[in-house]
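Take a walk through the structure below. We begin with a pair of rings, then turn to cysteines and a histidine.

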Amino acid sequence: MSDLAATQDLDSRLEQHRRELTGYCYRMLGSSFEAEDAVQDTMVRAWRSFDKFEGRSSLRSWLYRIATNVCLDMLNAGNRRARPMDLSGPTPVAQAQLNARPEITWLEPVPDGRVLPSVVDPAETAVERETIRLAFVAALQHLPPKQRAVLILREVLAWKASEVAELLGTTVASVNSALQRARATLSEQSPASSDAADPLDEEQQQLLERYVAAFEGYDMKALTALLHEDATMSMPPYDLWLRGHDDIVGWMLGVGDVCRGSRLVPTVANGAPAFAHYHPSADGEGYEPWALIVLELSEGKVGGMDFFLDTKRWFPLFDLPARLDKTGAPVTEEEPA
């Protein structure tokens with residue numbers, strides 16, 4: 001095999017693992033952008049040191065070892081990604097203030113297509129989707145980095161304790177102990193369960209259609225009928241979050257009234273239904289990006305609405321249109337603004 005062919009073959013073999021490695025790094029880091037950086041660093045390190053890879057483990061295991069070390073190095077900086085709910089209690093709408101925190105504070109959404117394998121067993125698909133949910137990934141951030149790695153490798157990816165021990169350069173007893181401690185911490189965080197939504201069943205589809213109609217029509221009575229009594233609403237990069245119908249409606253009809261007349265375009269994020277939220281343009285010529293809304297569905301209603309407002313980051317990542325025209329249709333780059 002020529003040098004060029006060998007290089008292309010290695011590139012192809014490495015690329016086969018990019019998506020699952022991105023999912024692993026996302027769960028470790030809580031950031032879609034940092035996860036992609038970590039995987040790219042992993043690929044570069046693997047490519048440069050491939051001549052030292054002696055095949056004593058599979059290529060996949062070797063890549064996970066590199067990715068784990070990259071993530072642990074990144075986590076040594078001490079930054080823990082969080083949701084607003086992790087940092088404070090809910091704020092009554094009468095006292096609500098918008099205080100922004102740095103981007104590195106927040107748990108980030110991720111497109112399903114970047115982190116979920118395309119073809120896997122249905123049971124594995126359910127686990128994969130459940131473990132990229134915002135609430136679950138937020139709970140993972142409470143674990144020390146090595147416990148986080150152990151729990152993801154054992155519980156999510158179904159590695160054997162001996163395989164994890166070899167990857168981390170430790171003993172099976174140490175791995176089992178770390179897993180036990182991680183499970184205990186995770187149970188204390190008790191991330192709320194959500195309904196499976198892959199694919200959406202008829203009831204869920206109708207729920208989302210009613211949500212869109214209520215939101216676009218700014219019908220608060222119809223909207224709250226779709227929300228659990230203790231539903232939450234957050235708006236990163238602001239640390240404010242709200243709980244319950246009265247405070248959510250109070251916000252939507254107060255400061256949030258600027259969202260009246262918006263359009264929603266469906267997408268998916270973190271294994272959950274999501275919408276690109278477009279706000280009426282100031283010039284009246286269409287709609288501009290306003291937020292990425294990630295919904296949490298449980299027991300036939302909406303339990304949480306996370307509005308990620310940094311659309312310059314999120315809309316390109318999710319391949320969402322940069323603008324909608326007056327009819328709500330995507331505006332292509334070739335068309336005049």
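Tyr64 and Trp159 are both buried. This is a predicted model. It holds ten aromatic pairs, and Tyr64 with Trp159 is one of them. The two rings meet edge-to-face, with centres 5.3 Å apart and planes at 65°. The pair links distant parts of the chain, 95 residues apart. Tyr64 belongs to helix H4 (residues 59-75). Trp159 sits in the loop between helix H9 (145-156) and helix H10 (161-168).

Other rings gather as well. Tyr211, Phe215, Tyr218, Phe275 and Phe307 are joined into a cluster by ring pairs. Trp314 has a charged partner: the charged end of Arg313 sits over its ring, 5.2 Å from the centre.

Now the cysteines. How many disulfides does a search of the whole structure find? The search finds zero. Cys25 is in no disulfide, and its nearest cysteine sulfur, that of Cys71, is 3.5 Å away. A disulfide needs the two sulfur atoms within 2.5 Å, so a pair at 3.5 Å does not count. Cys25 is buried, at 0% relative accessible area. Cys259 is also buried, at 8%.

Last, the histidine. His245 lies in helix H14 (residues 245-253). Is His245 buried or exposed? Its relative accessibility is 17%, so His245 counts as buried. Beyond its neighbours within four places in sequence, His245 contacts Thr224, Leu227, His228 and Glu229. A polar atom of the His245 side chain lies 3.1 Å from the backbone oxygen of His228. Leu223 is 22 residues from His245 in sequence, and their C-alpha atoms are 9.3 Å apart.

Terms used: Residues numbered from 1 in each chain as written. Predicted model: local features only at pLDDT ≥ 70, side-chain atom pairs only at ≥ 80, totals over all residues. Heavy atoms only, no water. Helix = DSSP H or I, 4+ residues; strand = E, 2+ residues; numbered from the N terminus. Buried < 20%, exposed > 50% of the residue type's maximum accessible area, 1.4 Å probe, protein only. Contact = heavy atoms within 4.5 Å. Polar contact = N/O pair within 3.5 Å; in protein donor to acceptor, adjacent residues only side chain to side chain. Phe/Tyr/Trp six-rings, centres within 6.5 Å; stacked < 30°, edge-to-face > 60°. Lys NZ or Arg CZ within 6 Å of the ring centre and 35° of its normal.
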